[in-house]
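Student: I'm new to this one. Could you take a close look at one chain for me, from its inside out to where it meets its partner?

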2 protein chains.
Amino acid sequence: MNGKPLVSIISAGMSKFGKHEGLLAREIFGEAAAEAFSRCPKLDPKRDIKAMFIGHMGEAYEHQGHTGSTIADWTGLSGIPATRTEAACASSGAAIRAGIYATMSGLADVVIVGGVEKMTHRSTTEVTEYLAMASDYPFEQFHGITFPGLFALMATAHMHVYGTSEQQIAMVAVKNHYHGSLNPKAHMQKEITLETVMASRFVAWPLKLYDCSLITDGASCIILTRPELARKYTDQPVHIVGSGQASDTIGLYERKSLTSLNATKLAAKTAYEMSNTGPQDIDLAEVHDCFTFAELMAYEDLGFCQEGASGSLIESGETRLGGKIPVNTSGGLKAKGHPVGATGTAQAYEIYLQLTGQAGKRQVKNAKIGLTHNVGGSGATSAVHIFRSEQQ
Amino acid sequence: MNGKPLVSIISAGMSKFGKHEGLLAREIFGEAAAEAFSRCPKLDPKRDIKAMFIGHMGEAYEHQGHTGSTIADWTGLSGIPATRTEAACASSGAAIRAGIYATMSGLADVVIVGGVEKMTHRSTTEVTEYLAMASDYPFEQFHGITFPGLFALMATAHMHVYGTSEQQIAMVAVKNHYHGSLNPKAHMQKEITLETVMASRFVAWPLKLYDCSLITDGASCIILTRPELARKYTDQPVHIVGSGQASDTIGLYERKSLTSLNATKLAAKTAYEMSNTGPQDIDLAEVHDCFTFAELMAYEDLGFCQEGASGSLIESGETRLGGKIPVNTSGGLKAKGHPVGATGTAQAYEIYLQLTGQAGKRQVKNAKIGLTHNVGGSGATSAVHIFRSEQQ
């Protein structure tokens, strides 16, 4: 256990997730950056930060590309190398990986990585279309399939092979809404019942409205440095000890399995090996619950339970706050919201808060090792990172 | 002179630039990757390549995002971390930078970086709109300004301040078309006269049709490794000895100067210092001539001449093949073509050919040190890289 830190997080920030009417993505990112800068008074952003990677999925939302330089400028960092990373909903998971490369390269001592998306000013139809660009155009989109449909295909296969039930899938929503009710930055902060989920209208059978994550505006960021420099900026660094990113076919139709994501398995294997940890060492995790079913699949792909046993795991309550391995204490994409480009670094933000004891009502006691899991599209990208508190 | 290599290029590939009717971007990239793989028989791509960065500007062209994983899959590399970088027309210049970080980090011994764009199946109106996303939406696009207009503003300012003439600007097109006529992969392979440029219709005064780069389909890539591993793969590595990337305000209206690009000046300063070289050491350069005028501005920002003297420099013939510092021997964006995401690594491909003596009819004699200069939008991103041949 306890591999050598790759890089250290010296600060983190996140905007309120929800509707930000009348604001541009660059302005919402400012809220996240301002929090990160104010948490770390020893950092002089303009002097110290040497590179930026910004996860951003869709230029269609604001008819705006060139997001890296735009965000750098509006964050007061104009001049530094600033690049947008895009890997669909894993855009800022990929930004973390790119930021780790940059920090470890020796070319940039302090690197800011983050993500942002402004979505709520668009209609559901528009958002559905823009999100669909993360799937295969000629072989999926062209034929009318959208993301609820793709995940419904996987959920159906899992139900068929392992007997997973609609109720078990729905329990993810209940748990994550409970967690979201404890997070003042979550888009939805109210508890829901299993009955509410089960009675909501179908989007793509077996997935119902309450099985789907939210269309949300939001931004998030973390600031990285080399481990030996961390103490210069903070007394409470959080170390990234494992980093795995993997790819798979963009089309679901080409995959060997519909009941698991090979990219997640590959990324998790790399991250566990690099950090000399295993699933049994993880105190808490933020996983990619773009649909409730995706969280169940993540339990299996990350090794939190055997293949096919995720339905039982959610039923056991062990992934709820107070359980053995609380998952998505932030509320997850389901209740905290899913401003796609911002999701990967928002997961890291939650783990940062938890490992530094700043998670308030949803604090996991004695949390020392955390994991994030950020999926792009239907699984053509997966990024897994493992974090360790300084005290360890 | 002659800084320590940051990374080494062990191979490079480029598709034919031009119209690729009926092909997807991923298929065009395959042509570039196939060349790079076949040039380097000691490389086993599936075994050796550990990460990919793909510059791609617009998901609108093919209604396709998630380009990193898509390209990795269609290149036979599915499984590796694959991320799209976007920095407008400097998307693959930014990919080179990201690939340098990755290679130097120690997490990936061999990294492929490239870029691709499929544009010609769209109308000029559509392409103009998609390209405009690289400028500022609320303060530029919304008011109807497009890229020919933005560069025309800069050209006009330069003419006003320094007396640069329309003829001098047009000479860039004549030179680059001559170079393009020697490049079998260029989109346009025919010479043109100054009269043809001057008589072509205005797009945005003083820029005429022949002052504009081409709407092109194409892909390109280079393969990087750590310098100490290069000899394992090739007897003729090319070293990257300097890397600078910088950002500026996305909006032209916020800049201090309209006659130069501060991002280029910053990036060049970093790249020169890192490589312990200066403009006088550069044997040839590929610069970002998205419009003819942009090449003149680059001469000054890169230090090839004094501010305001670029008109005289093009007139002198010294930037033509056979001159002191040949610029855009490939034909540049003007004649080789400008498939935006592919341009940055296509510039590196040309320098790779030149420094390994494989540039055919357009070979620069005794070329040892080359430079690439890749600009995003109207200058909110600039990436400058300096390359050195092994013999040096």
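Tutor: Let's go through a strand inside chain A, and then the side of the chain that touches chain B. This is a predicted model, where local features need pLDDT of at least 70, side-chain atom pairs count only at pLDDT 80 or more, and totals for chains, interfaces and linings use all residues. Residues are numbered from 1 along each chain as its sequence is written, with chains lettered from A and ligands numbered from 1 in the order in which they are written.

Start with strand 4 of chain A, residues 110-117 (a strand is a DSSP run of E, at least two residues; a helix is H or I, at least four; both are numbered from the N terminus). In this strand, 8 of the 8 residues are buried (20 or more other C-beta atoms, placed from the backbone, within 10 Å of their own), so the rest of the structure largely encloses it. One side shows Val110(A), Ile112(A), Gly114(A) and Val116(A), the other Val111(A), Val113(A), Gly115(A) and Glu117(A), and both faces are covered.

Strand 4 of chain A has neighbours, too. It runs parallel to strand 2 of chain A (residues 49-55), joined by 6 bridges, and there Phe53(A) stands opposite Val113(A). Strand 7 of chain A (residues 218-225) pairs with strand 4 (pairing takes at least two DSSP bridges) in the antiparallel sense, over 8 bridges. In strand 7 of chain A, Ile222(A) is the bridge partner of that same Val113(A).

Now let's head out to chain B. The contact (C-beta atoms, placed from the backbone, within 7 Å) takes 51 residues from chain A and 51 residues from chain B. Helix 3 (67-74), strand 3 (82-86), helix 4 (91-105) and strand 8 (238-247) of chain A are the elements that each give two or more residues to this side of chain A. Helix 4 of chain A gives the largest share, 8 residues. There is strand pairing across the chains as well: strand 3 of chain A and strand 3 of chain B (residues 82-86) are antiparallel, with 3 bridges. Glu86(A), for instance, has Arg84(B) as its bridge partner in strand 3 of chain B.

What surface does each copy use? The copies meet through the same surface, because 100% of the interface residues of chain A are also interface residues in chain B. As for the symmetry, chain A is superposed on chain B (least squares on C-alpha atoms with pLDDT of at least 70 in both) by a rotation of 180° with 0.0 Å of shift along its axis, RMSD 0.0 Å. That is how a two-fold axis relates copies. Ser105(A) has the C-alpha of chain A nearest the axis, 2.0 Å from it.

Definitions and conventions
Buried ≥ 20, exposed ≤ 12 C-beta atoms within 10 Å, placed from the backbone. Contact = placed C-beta atoms within 7 Å.
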